[in-house]
Amino acid sequence: EGAGGLAVAYPYVSDREARVISRGFGDPMQRRLGTYVQRGGYGALKKAFGLSPDQVIDVVKASGLRGRGGAGFPTGVKWSFMPKQPTKPHYLLCNADESEPGTFKDRELLRWDPHQLIEGCLIGAYAIRAKHVYIYCRGEFFEANQILARAVEDAYAKGYVGTNVLGSGNDIDVTVHQGAGAYICGEETGLMSSLEGRRGLPRVKPPFPAAYGAFGMPTTINNVETLCAVPHIVANGGEWYRQWGSEKSAGTKLFCVSGHVRKPGNYELPLGFPLIELIEDVCGGMRDGNALKAVIPGGSSVPILDAAEARSCKLDYEGCVSAGSMLGCASVIVMDDKTDIVKQVRRMVDFYAHESCGQCTPCREGTSWAAQIMRRIEDGDGTEKDLDTLMEITQQMVGTTICVLSDSVAPPVQSSIKKFRGDYLARMRTLEPAGVA
């Protein structure tokens with residue numbers, strides 16, 4: 001009911017948006033439990049308690065909701081993997097360790113609408129028969145984490161969390177856990193290791209978390225944005241959620257737009273929204289009137305699109321693949337024709353080299369060598385043979401490690417060499433930034 005008023009308060013608002021989970025952005029009152037309840041909050045939780053856990057899962061399945069953390073796996077299907085007759089404790093883990101370069105959506109959900117996330121966590125916990133939720137937060141999100149922790153305390157005080165939630169007979173505890181700044185802990189098995197008090201090293205799968213997860217118990221891990229959508233789906237039904245998006249990519253999605261646009265920010269749009277319309281209409285077009293050169297549609301670990309590919313790309317899971325990239329976590333990084341592609345890709349590779357846990361040789365050695373070669377090219381000391389070496393190294397890093405951090409280096413490196421080779425060759429002749437490839 002407050003969507004119209006709330007929309008005005010948030011500085012990045014477009015009439016093209018479909019604001020479902022972002023309707024509280026910009027309104028400090030939305031953080032308060034009383035305001036959230038007055039606006040219908042926790043009503044979906046009450047409704048869920050009137051259904052069986054399997055019925056809740058069926059509603060989420062019917063909605064077509066897919067994981068919003070990057071993988072895009074169907075949420076209801078993921079929940080259904082958990083044992084139906086618990087003989088051990090079950091756990092729901094919320095992955096709030098948002099660290100992918102270009103991504104800034106989950107922190108806004110924590111900052112502006114923490115009770116929405118808590119309600120989604122409680123519904124998810126009920127559906128998978130879990131009695132404890134852990135929200136694993138990125139340690140650098142100090143303000144957002146404090147807001148979330150306060151919201152959890154308020155929810156405990158009013159009986160929305162804890163023993164006999166809302167008189168339903170269900171006991172569900174919620175713990176907010178802060179990480180310590182390691183990107184690798186955003187990987188679900190690395191997250192579990194860290195939560196258990198050990199070094200955040202990813203684990204070999206199988207066994208999968210639904211069979212052997214946190215503390216050796218059946219566990220489901222969901223992203224913040226995924227869980228925030230759950231209360232709206234349970235309250236309104238699966239078909240209601242399908243009014244947005246496409247058959248295979250249903251619902252709305254938060255797009256984090258950064259780079260050379262006039263109005264960067266978070267925009268909640270129907271999946272399948274044209275990328276070029278996001279840039280030109282929603283974000284006000286290119287900054288300073290420069291031409292579009294490249295776009296990364298899903299965070300730094302997906303292939304770069306050139307301008308022609310970006311103009312034909314639709315922002316859903318299938319559309320991005322058809323255009324030659326991936327939707328990932330929908331972090332849209334826009335680059336104009338003044339951008340030095342070599343420098344930007346080098347920065348991405350440096351990030352992955354720094355954040356590698358070092359457990360797997362192809363990642364530990366591959367990220368380091370790729371970073372060194374990229375730095376050499378940027379400094380003007382590279383040769384064309386270095387490009388072949390980079391292609392070979394990154395190819396050997398794909399599918400050869402426990403987690404996909406190693407795999408994440410290949411897409412930006414390989415796609416930039418293939419599509420913007422001229423930028424690399426120009427770097428080998430001059431230290432000045434290259435022009436349009």
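**A note on salt bridges, pockets and cavities**

1. Let's start with one pair of side chains. Lys253 and Glu225 form a salt bridge, and their closest N and O atoms are 2.7 Å apart. The two residues belong to distant parts of the chain, with Lys253 in strand β5 (residues 252-259) and Glu225 in helix α10 (residues 224-236), 28 residues apart. Both Lys253 and Glu225 are buried. Please keep in mind as you read that this is a predicted model.

2. Where does this kind of pairing come from? Side chains of opposite charge can pair when their charged atoms come close. A search of the whole structure finds 30 salt bridges, so you will have plenty to look for on the screen.

3. A second pair to find is Glu318 with Arg66, whose side chains meet in a salt bridge (3.0 Å, N to O). Glu318 sits in helix α14 (residues 317-323), while Arg66 sits in the loop between α4 (53-63) and α5 (75-80), so this pair ties together parts that are 252 residues apart in sequence. Are the two partners buried or partly exposed? Glu318 is partly exposed, with a relative accessible area of 28%. Arg66, at 16% relative accessibility, counts as buried, because buried means under 20%.

4. The third pair joins two helices. Arg375 forms a salt bridge with Asp350, and the closest N and O atoms are 3.2 Å apart. Arg375 lies in helix α16 (residues 361-378) and Asp350 in helix α15 (residues 341-355), so the bridge ties together parts that are 25 residues apart in sequence. Arg375 is partly exposed, with a relative accessible area of 36%, and Asp350 is also partly exposed, at 23%.

5. Some salt bridges share partners, and in this way Lys105, Asp106, Glu225 and Lys253 are joined into one network. The pair from the opening point, Lys253 with Glu225, is therefore worth viewing together with Lys105 and Asp106.

6. Now for the spaces. Rolling a probe the size of a water molecule over the atoms shows where empty space is left. The largest pocket has a volume of about 1,500 Å³. It is lined by 50 residues, and Gly69, Gly70, Ala71, Gly186 and Val404 lie nearest its centre. The elements that give two or more residues to this lining are α5, β4 (219-223), α14 and α18 (405-419). Which element gives the most to the lining of the largest pocket? The answer is β4, with 5 residues. By class, the lining of the largest pocket divides into 20 nonpolar, 18 polar and 12 charged residues.

7. The second largest pocket has a volume of about 330 Å³. Of its 14 lining residues, Pro101, Ile333, Gln344, Arg347 and Met348 are the closest to its centre. Two or more residues come from each of β5, β11 (331-336) and α15, and α15 gives the most, with 4 residues. The lining of the second largest pocket has 6 nonpolar, 7 polar and 1 charged residues.

8. Finally, look inside. How many cavities of 30 Å³ or more does the structure hold? There are 3 of them, and about 80 Å³ of space lies in the largest. The largest cavity is lined by 13 residues, and those closest to its centre are Cys357, Cys360, Cys363, Cys403 and Leu405. Its lining has 8 nonpolar, 5 polar and no charged residues.

Notes: Residues are numbered from 1 along each chain as its sequence is written. This is a predicted model: local features need pLDDT of at least 70, side-chain atom pairs count only at pLDDT 80 or more; totals for chains, interfaces and linings use all residues. Side-chain values use heavy atoms; hydrogens and water are left out. On a 1 Å grid over the protein atoms alone, a cavity is a set of points where a 1.4 Å probe fits but cannot get out, and a pocket is an open set with protein on both sides within 12 Å along at least five of seven lines; lining residues have an atom within 4 Å of a point. Grid points are joined across faces, edges and corners, and a volume is the space filled by probe spheres set on the points. Ala, Val, Leu, Ile, Met, Phe, Trp, Tyr, Cys and Pro count as nonpolar, Asp, Glu, Lys and Arg as charged, and the others, Gly among them, as polar. A salt bridge is a side-chain nitrogen of Lys or Arg within 4 Å of a carboxyl oxygen of Asp or Glu. Buried means under 20% relative accessible area, exposed over 50%, partly exposed in between (1.4 Å probe, protein chains only).
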